[in-house]
Amino acid sequence: MTVTAVRKDPERLTLTIEAEFGASVERIWELWADPRKLERWWGPPTYPATVTKHDLAPGGRVEFHMTGPAGEQPHGYWDVLEVEPPRRILVRNGGCAADGTPDRDIPISTIRVDIEEPAQGRTRMSIEIVFPNTEAMEQALAMGTDEGLGRAVGQIDAILSEETRREPRP
């Protein structure tokens, strides 16, 4: 199993997903940097993502939507605050209309991604969501954000495995 921890900290207003992979930091970074790879895992299996804009640079924006089982399409965006390839991303996360206009009814959170190689051949990724207040955190957890993000990250091993099988042998 890819996901090694799911932590909810109501005092710090954070939800953190940690995962470990048998791949290099650079390969994990590509899962964020390449929009076609990002959309293969960002949504949980029942809500696959489609990335419609991808500018993963400070001041840039990533826009996406997820398609649910009944055809519903919630839209979201990340305003990119900081990027340190291949180790760190910091974005402001929010919901939006199909045209990218922010939805003021959906609380804005901050997402921090850290990618590190603590042991040779293994890479650890941490995704921390910081909520603006208790109500926003409770709303996200009631919508199943913790389970959905855990299931989304759980898809990464299969993507990495496919890529490894396609790489030419020396």
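Guide: A pocket, for our purposes, is an open set of grid points with protein on both sides within 12 Å along at least five of seven lines. And a heads-up before we start: this is a predicted model.

Visitor: Okay, what volume does the largest pocket have, then?
Guide: Let's go straight to the number. The largest pocket has a volume of about 870 Å³.

Visitor: Which residues are the closest to its centre?
Guide: The lining of the largest pocket has 30 residues. By class they split into 16 nonpolar, 11 polar and three charged residues. The ones closest to the centre are Met66, Asn93, Ala140, Met143 and Thr145.

Visitor: Which element gives the most to that lining?
Guide: Strands 4, 5, 6 and 7 each supply at least two residues, and so do helix 3 (134-142) and helix 4 (145-153). The top contribution is six residues, and it comes from helix 4.

Visitor: Stepping back, what pattern does the protein follow along the sequence?
Guide: You have five helices and eight strands to place. Reading along the sequence, they come in the order β-β-α-α-β-β-β-β-β-β-α-α-α.

Visitor: What radius of gyration does the protein have?
Guide: The C-alpha trace spans about 55 × 35 × 35 Å along its principal axes. For 170 residues, a compact globule would come out near 15 Å, and the protein agrees with that, at 16 Å.

Visitor: How much of the 6-or-more separation contacts comes from residues 24 or more positions apart?
Guide: First, some background on packing: 43% of the 170 residues count as buried. The protein exposes about 8900 Å², with carbon and sulfur atoms supplying 50% of that. As for contacts with a separation of 6 or more, the share from residues 24 or more positions apart is 47%.

Visitor: What volume does the largest cavity have?
Guide: There's one cavity of 30 Å³ or more in the structure. Its lining includes Thr52, Phe64, His75 and Cys96, and by class the lining has four nonpolar, four polar and one charged residues. Strand 4 and strand 5 each supply at least two of the lining residues. The volume is about 30 Å³.

Visitor: Is Asp146 buried or exposed?
Guide: Asp146 sits in helix 4. Beyond its neighbours within four places in sequence, Asp146 touches Val6, Lys8, Leu15, Ile17 and Leu141. The cut-off for buried is under 20% relative accessible area. At 16%, therefore, Asp146 counts as buried.

Visitor: How far apart in space are Glu128 and Thr14, C-alpha to C-alpha?
Guide: Glu128 belongs to strand 8 (residues 122-130) and is buried, with a relative accessible area of 16%. Setting aside neighbours within four places, Glu128 is in contact with Arg12, Thr14, Leu15, Thr16, Thr110, Ile111 and Arg112. Glu128 and Thr14 lie 114 residues apart in sequence, yet their C-alpha separation is 6.6 Å.

Visitor: And Glu162: buried, partly exposed or exposed?
Guide: Look in helix 5 (residues 156-166) for Glu162. Its C-alpha is separated from that of Ile28, 134 residues away along the chain, by 14 Å. Buried needs under 20% and exposed needs over 50%. Glu162 has 26%, so the verdict is partly exposed.

Notes:
Residues numbered from 1 in each chain as written. Predicted model: local features only at pLDDT ≥ 70, side-chain atom pairs only at ≥ 80, totals over all residues. Heavy atoms only, no water. 1 Å grid on protein atoms, 1.4 Å probe; cavity = no way out; pocket = protein on both sides within 12 Å on 5 of 7 lines; lining within 4 Å. Points joined across faces, edges and corners; volume = space filled by probe spheres on them. Helix = DSSP H or I, 4+ residues; strand = E, 2+ residues; numbered from the N terminus. Nonpolar A, V, L, I, M, F, W, Y, C, P; charged D, E, K, R; others polar. Rg over C-alpha atoms; globule rule 2.2 N^0.38 Å. Buried < 20%, exposed > 50% of the residue type's maximum accessible area, 1.4 Å probe, protein only. Contact = heavy atoms within 4.5 Å. Areas by Shrake-Rupley, 256 points an atom, 1.4 Å probe, with all protein chains shown as cover.
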